[in-house]
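Reader: Could you take a close look at one part of this model for me, the packing inside it? I'd like a connected walk through it rather than a list.

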Amino acid sequence: MEKNTEPSWYALYTKSRAEKKVYEELKMLGIETYLPLKREQRQWSDRKKWVEVPVISSYIFIKIKPQQYRDVFNARGVVAYVSHKGQAVAIPEREIEAMRRTVENKLAFSVESNTLKKGEKVTITSGPLKGIEGEVEEIQGKKKLYLRISHIGYMLVLNLDEVERNG
């Protein structure tokens, strides 16, 4: 954990399918929490239903001051901070904002867990993602924008053609 006194964003790893419960408990503890959700249609044997599911399974994002570091473990379902060499790793505000804007504007995206390939870095200049930086790559003839979520190994992948159409 960083030595400053300003609040920073961190990723927490939760028990499987406990993200919404952890979100509610952290909010009750007064901790600023972000749980990106998306709507999916689920099929049961007798019906179909639209449900809200986490964008990234088993992860939730929190913004805390250093003195709140241990408080998050008062919420049932929290497993650990996403960390490097035993230290919780701060996530830049711009990456949380990029994810928030992508999800809230209902832009078409997928979540991939792999490393970025070489590509051109870009900044979106118009539309709901204005100011967001990402990395562009040509994949099977479609331009993609990769929004990296630091330290957890995930990125949001947007089709730039759809972003331009929606913007």
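Author: Start at I152: leaving aside its neighbours within four places in sequence, I152 is in contact with A11, I56, Y59, F61 and V82. Keep in mind that this is a predicted model.

Now widen the view. The largest nonpolar core has 19 residues, and I152 is among the members that touch the most others, along with A11, Y34, F61, I96 and M99. As for where the core residues come from, strand 1 (8-14), strand 5, helix 2 (93-104), strand 13 (142-149) and strand 14 (154-159) each supply at least two of them. Helix 2 is the top contributor, giving four residues. There's also a second core, separate from that one, made up of 16 residues, including L12, V22, I62 and Y81.

While you're looking around strand 5, have a look at the loop that leads from strand 4 (48-54) to strand 5 (59-64), since S58 sits there. The backbone does something worth a glance at this spot: phi of S58 is near 70°, a positive value, and the residue isn't glycine. Is S58 buried or exposed? It counts as buried, because its relative accessibility is 10%, against a cut-off of under 20%.

K85 makes a handy companion case. Its phi is near 55°, again positive in a residue other than glycine. K85 is also a loop residue, placed between strand 7 (83-84) and strand 8 (87-88). With a relative accessibility of 75%, though, K85 counts as exposed, because the bar for that label is over 50%. So here's the pair to flip between: S58 is buried, whereas K85 is exposed.

Definitions and conventions. Residues numbered from 1 in each chain as written. Predicted model: local features only at pLDDT ≥ 70, side-chain atom pairs only at ≥ 80, totals over all residues. Heavy atoms only, no water. Helix = DSSP H or I, 4+ residues; strand = E, 2+ residues; numbered from the N terminus. Buried < 20%, exposed > 50% of the residue type's maximum accessible area, 1.4 Å probe, protein only. Core = buried A, V, L, I, M, F, W, Y, C linked by side-chain atoms within 4.5 Å. Contact = heavy atoms within 4.5 Å.
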